[in-house]
Amino acid sequence: MQFSFDEAVERETQRLSQRPFAEIERETQARRLAWLRRRTRPGATSPRRAFEALFLDYMELDPAQLVVCREGPDEIFWESRDPCPTLAACEALGLDTRIVCRQVSDKPVQGFLSYLDPRLRFVRDYDYLRPHESFCAEGIVRIDLEALMAVAIEEARQSRAEGNKGYGAVVVRGRKLLAQAHDTAATDNDPLAHAEANAIRQAVRVSGQSDLCGALLLSTCEPCPMCSSLAVWTNLTAVAYGASIAATARLGKQRIMVGVAEIAAAAPTLLEVIPGLLAERCLDLYR
């Protein structure tokens, strides 16, 4: 059923004023994924095709109002100038789109892309977001997950060389590497200094924001419940890991047997989980 723009604005105004943002976020992603699963299967696809599938096929936006300003085999960037019900609703309610989009819109976009190919990542430049600018600057890039995990593996090796336990992590947003770190609990005498926690702290300092929506954390080992919860509280979009908690426990490592997927399922916001990335190479770190 198609709604006029005024009707769409009214519906969005009611949603934002009457329902928790986390509930809207999950409902939006579920609806989009249900549509997508009826039409396609997961598999490698181009940023251009993903852009068309979401914004033109599903959302039925006018391509003339999505002005593509840069495009290549592994990227597409555009300026959104379409009439936006969320923008109009935020203006009516006195809400800041920089907050609402992070809490309601961005992760359902990423969920759609990740179903097609988890290497595709949605990027939004919050310095260019309506109504603070005349358009929203957005894009889709394809990243090399394995190359990023290789950076984390090198961090883990450095950790071991320094006398720590051998864990590594990186945080990336789009193609920008925000942080790379390893655990320093032993050398810093700090039980909180896990690789993931160190990387998240570094990413917050670099970005200047405690909200890391749009960012992806990669870790050589599945994050413990403390670090998984930190990923939730900093609003990370996704966590990817190599060796699982269960696999390292079988090697004799002392672990709390609660996985990141279990934390994500109980979280108030969406958190994508990408398991088993370079799993054997990562597991070799702990043999």
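**Sheet and helix α4: a quick tour**

Okay, let's start with the sheet: four strands, open, in the order β1-β2-β4-β3, with antiparallel pairing. Strands here are DSSP runs of E, at least two residues, and helices are runs of H or I, at least four, numbered from the N terminus; two strands pair if DSSP finds at least two bridges between them. At the edges we have β1 (66–72) and β3 (120–125), each with a single partner strand, so one side of each has no neighbour in the sheet. From one strand to the next, the twist averages 20 degrees.

Quick caveat: this is a predicted model, where local features need pLDDT of at least 70, side-chain atom pairs count only at pLDDT 80 or more, and totals for chains, interfaces and linings use all residues. Residues are numbered from 1 along each chain as its sequence is written, and side-chain values use heavy atoms, leaving out hydrogens and water.

Back to β1: it pairs with β2 (75–80) in the antiparallel sense over 6 bridges. Glu 71 has Ile 76 in β2 as its bridge partner.

Now helix α4, residues 85–93. Which of its residues are buried? Thr 86, Leu 87, Ala 89 and Cys 90, where buried means under 20% relative accessible area, exposed over 50%, and partly exposed in between (1.4 Å probe, protein chains only). Down the α4 axis, those buried residues fall within an arc of 165 degrees, so they line one face of the helix; the arc is that of the directions from the helix axis to the C-beta atoms. On the other side of α4, Glu 91 and Ala 92 are exposed.

And the cover over those buried residues includes α1 (5–18) and α5 (97–116), with contact meaning heavy atoms within 4.5 Å. Right after α4 comes Gly 94, with a positive phi near 75 degrees.

Definitions and conventions: Axes are lines fitted to C-alpha atoms, for helices over the stretch in contact, and angles run from 0 to 180 degrees between N-to-C directions.
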